[in-house]
Amino acid sequence: MDTAAQRDGWLAAIAAAADAAALTAVEARLFGPKGEVVELVRSVTSLPKEQRPAFGKAANLLKQEVEQALAQKRETFAQQAMQQELAAGGFDPTETGARPKRGVLHPITVVQNELVDLFTSLGFRWEDGPEVESEYFNFDALNIPGDHPARESQDTFWLTDKNLLRTHTSPVQVRTLQRAVKQGFQPPLKVIVPGRVFRSETVDKTHEHTFYQMEGLVVDRAHGEHGISVANLIHTMKTCLRVILERDVQVRLRPGFFPFVEPGFELDVNCPFCSGKGCSVCKQSGWIEILPCGMVHPNVLQKGGLDPEEYTGFAFGMGLQRVVMLRYGIDDIRQFTGGDLRFLQQFPEVSR
Ligand code: DAH
């Protein structure tokens with residue numbers, strides 16, 4: 001093969017490059033798409049089989065030699081540029097470097113952290129529960145018997161051992177009560193349970209199979225000054241929404257049916273996008289459904305080991321994605337797990 005002439009030509013071109021820009025042009029000619037060196041290496045495939053090993057080896061050595069020459073020349077230009085800058089007095093060794101970009105927290109984490117801060121400041125404690133849950137805690141203990149339609153409305157991922165992926169954070173209510181009773185119940189009990197939940201849903205703009213909720217549970221004595229009422233529930237929910245949505249909010253309660261609360265409510269907030277006038281987000285109603293909640297059902301208290309004559313409580317279950325979407329005006333729930341950095345980088349950098 002007669003590559004010697006080619007080689008000399010390439011090395012000469014590199015040597016002759018007068019500046020960094022010219023060198024880049026030479027590099028493109030040799031290594032860019034259809035570059036001469038690239039083509040040479042590739043031409044091995046057109047040779048008879050027995051010639052390929054020797055040619056391939058020689059071509060690769062040549063490629064390395066040319067690459068090295070390029071790198072050396074580039075280094076020379078970089079040195080020259082630095083010398084020039086120093087000579088011109090433009091280089092200040094005391095100048096602080098460019099600040100490296102920090103990561104950002106996921107918006108769900110941001111909102112969850114704020115909620116946890118808020119509720120712990122109100123005396124709530126963080127509780128955890130398992131993501132792989134038993135049928136008992138996910139349904140039965142929450143007053144959802146086997147033939148109850150509410151089971152079907154929560155399309156469940158069943159596991160082969162009869163356990164399931166929890167469809168909500170509510171099972172932690174009974175787990176927490178049972179544990180608290182075992183330790184000698186000391187009212188009031190105030191817990192929040194942020195966590196991941198799963199449903200066998202077809203994914204679209206507003207539905208995800210994996211999402212985040214935050215459960216809240218407050219239980220105190222039923223009688224005397226401690227009695228927990230719907231008023232306490234509304235006040236707590238309003239405080240929470242005001243902090244999270246960063247504005248004063250109006251709320252309204254509508255009846256809502258959940259077997260583990262009685263009465264149960266859907267708590268709506270006035271639409272932040274149109275201030276209640278009616279828009280496409282609130283479907284012209286001026287209200288957005290945001291917080292299912294209610295007074296803990298006596299059967300649930302009982303399953304937790306408490307006497308419902310003696311204790312009352314309220315509970316709520318917030319969909320975190322929904323709150324984040326409202327707060328930042330996000331219209332597609334799939335963005336959260338889509339992994340698109342352009343989406344994630346819009347949120348503030350982590351500060352330290
Ligand atoms: N667990 C319910 C769900 O995921 C939400 C819910 C409703 C939780 C009412 C509650 C509640 O604590 O009181 O659909």
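**Exercise 1.** Which residues lie nearest the centre of the second largest pocket?

*Solution.* The model is predicted; local features need pLDDT of at least 70, side-chain atom pairs count only at pLDDT 80 or more, and totals for chains, interfaces and linings use all residues. Residues are numbered from 1 along each chain as its sequence is written, and side-chain values use heavy atoms, with hydrogens and water left out.

Start with the term. A pocket is an open set of points on a 1 Å grid over the protein atoms alone, where a 1.4 Å probe fits, with protein on both sides within 12 Å along at least five of seven lines; lining residues have an atom within 4 Å of a point. Now read off the residues: K190, I228, N232, T236 and F314 lie nearest the centre. The lining holds 16 residues. α9 gives the most to this lining, with 5 residues.

**Exercise 2.** Find the polar side-chain partners of the ligand.

*Solution.* First, list the neighbours. 16 residues surround the ligand (a heavy atom within 4 Å). The closest are H168, S170, R199, Q213 and E215.

Next, look for polar contacts (pairs of N or O atoms within 3.5 Å). An N or O atom in the H168 side chain is 2.8 Å from a ligand nitrogen atom. S170 places a polar side-chain atom 2.9 Å from a nitrogen atom of the ligand. For R199, a polar side-chain atom lies 2.9 Å from a ligand oxygen atom.

**Exercise 3.** Which element gives the most to the lining of the largest pocket?

*Solution.* β8 does, with 7 residues. Of the 45 lining residues, T206, E289, I290, G319 and R322 are the closest to the centre.

Notes:
A polar contact is a pair of N or O atoms within 3.5 Å; within protein, one must be able to donate a hydrogen and the other to accept it, and residues adjacent in sequence count only if both atoms are side-chain atoms. Helices (H or I, at least four residues) and strands (E, at least two) are DSSP runs, numbered from the N terminus.
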